[in-house]
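Thank you all for coming. I would like to take a few minutes to walk you through one chain, starting with its overall make-up and then moving to a few places in it.

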Amino acid sequence: MTTFALIHGGGASAFDWHLVEKELRERGHDTVAMDLPMSDPKATLWDYADAVVQAAGGRGPLVVVAHSWSGFVGPLVCARTNVSALVLLTAMIPTPGETPAAWWEQSGWHSPGIEDEYELYFHDVPRDLADRVLTHDRALRTDLDMDLACSEPWPLTAWPDVPTRYLLCRDDRLFTPEFVRQHAKERLGLIPDEMPGGHMAMLSRPGELADHLLRALPTG
């Protein structure tokens, strides 16, 4: 049995993972998903990572799954606890000293020009499910304050020595396949694994995502 630590993206919550948690548990594995301290104006990137470690409660070695913005957090978890693998799910890849706020320009990302939240993030998610998730997550965003974390230089001097895989979502409108392939190659020298689905594949394709995560398990 493996414990998967599932880290949500910026402005989101642990609830985003509830369908994937069910799928992984049905396959005989354990999961932990947590709300990052996004409403704490004093929370640093290390505090975000420590929230993951605390939620895991000593379980491990963990397979850490970092979605979107939490690409800045997942590698820090690897530096704090026993981790067997790191999976970046359509995630930002930081470099030492880079701030999350600066990543958007420094990575070469270009805005898709889509303003509607449903069309950008949830276009392939059933509308009733998207509504439930957005209602839940928006309630948490009322006190959102990530200014410190977003302006803080990423503190590691090198990528952690942990097997790392990148999972690209071919229908993602925020981080397009073309951008992700180049981003993963430039920053980590990785060729991403690929699956169908948009930016919130944990909601639109939870079973397929669970299967991909199981393929990331270390062998031998």
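Before I place anything, a word on naming: helices, of at least four residues, and strands, of at least two, are DSSP runs, and they are numbered from the N terminus. With that in hand, H199 can be located in the loop that runs between β6, residues 193-195, and α9, residues 201-204. Please keep in mind throughout that this is a predicted model.

Let me step back to the whole for a moment. The UniProt record, which is an unreviewed entry, places the feature "domain: AB hydrolase-1" at residues 6-211. Over residues 6-211 the chain is 40% helix and 14% strand, and the C-alpha atoms at the two ends are 15 Å apart.

Now, back to H199: is this residue buried or exposed? H199 has a relative accessibility of 2%, so it counts as buried, the cut-off for that class being under 20%. Its side chain is joined to that of S68 by a polar contact of 2.9 Å. If we leave aside the neighbours within four places in sequence, H199 is in contact with H67, S68, T90, Y121, D172, L174 and F175.

Two of those names, S68 and Y121, come back when we turn to the largest pocket, where they lie nearest the centre together with G9, G10 and G11. This pocket has a volume of about 430 Å³, and 24 residues line it. By class, the lining is made up of 13 nonpolar, 6 polar and 5 charged residues. Which helix gives the most to that lining? That is α6, with 3 residues, while α5, α6 and α7, the last of these spanning 147-151, each supply at least two.

Finally, I would like to look at the loop between α5 and α6, where we find both V125 and P126. V125 has a relative accessible area of 7% and is therefore buried, whereas P126, with 44%, is partly exposed. Setting aside the neighbours within four places in sequence, V125 is in contact with A130, M200, L203 and S204. L203 also appears beside P126, in that their C-alpha atoms are 8.5 Å apart although the two residues are 77 residues apart in sequence. By way of another distance from this loop, the C-alpha atoms of V125 and P37, which are 88 residues apart along the chain, are separated by 26 Å.

How values were computed
Residues are numbered from 1 along each chain as its sequence is written. This is a predicted model: local features need pLDDT of at least 70, side-chain atom pairs count only at pLDDT 80 or more; totals for chains, interfaces and linings use all residues. Side-chain values use heavy atoms; hydrogens and water are left out. UniProt positions are given in the numbering used here, feature names are shortened, and annotations may be inferred rather than shown by experiment. Buried means under 20% relative accessible area, exposed over 50%, partly exposed in between (1.4 Å probe, protein chains only). Contact means heavy atoms within 4.5 Å. On a 1 Å grid over the protein atoms alone, a cavity is a set of points where a 1.4 Å probe fits but cannot get out, and a pocket is an open set with protein on both sides within 12 Å along at least five of seven lines; lining residues have an atom within 4 Å of a point. Grid points are joined across faces, edges and corners, and a volume is the space filled by probe spheres set on the points. Ala, Val, Leu, Ile, Met, Phe, Trp, Tyr, Cys and Pro count as nonpolar, Asp, Glu, Lys and Arg as charged, and the others, Gly among them, as polar. A polar contact is a pair of N or O atoms within 3.5 Å; within protein, one must be able to donate a hydrogen and the other to accept it, and residues adjacent in sequence count only if both atoms are side-chain atoms.
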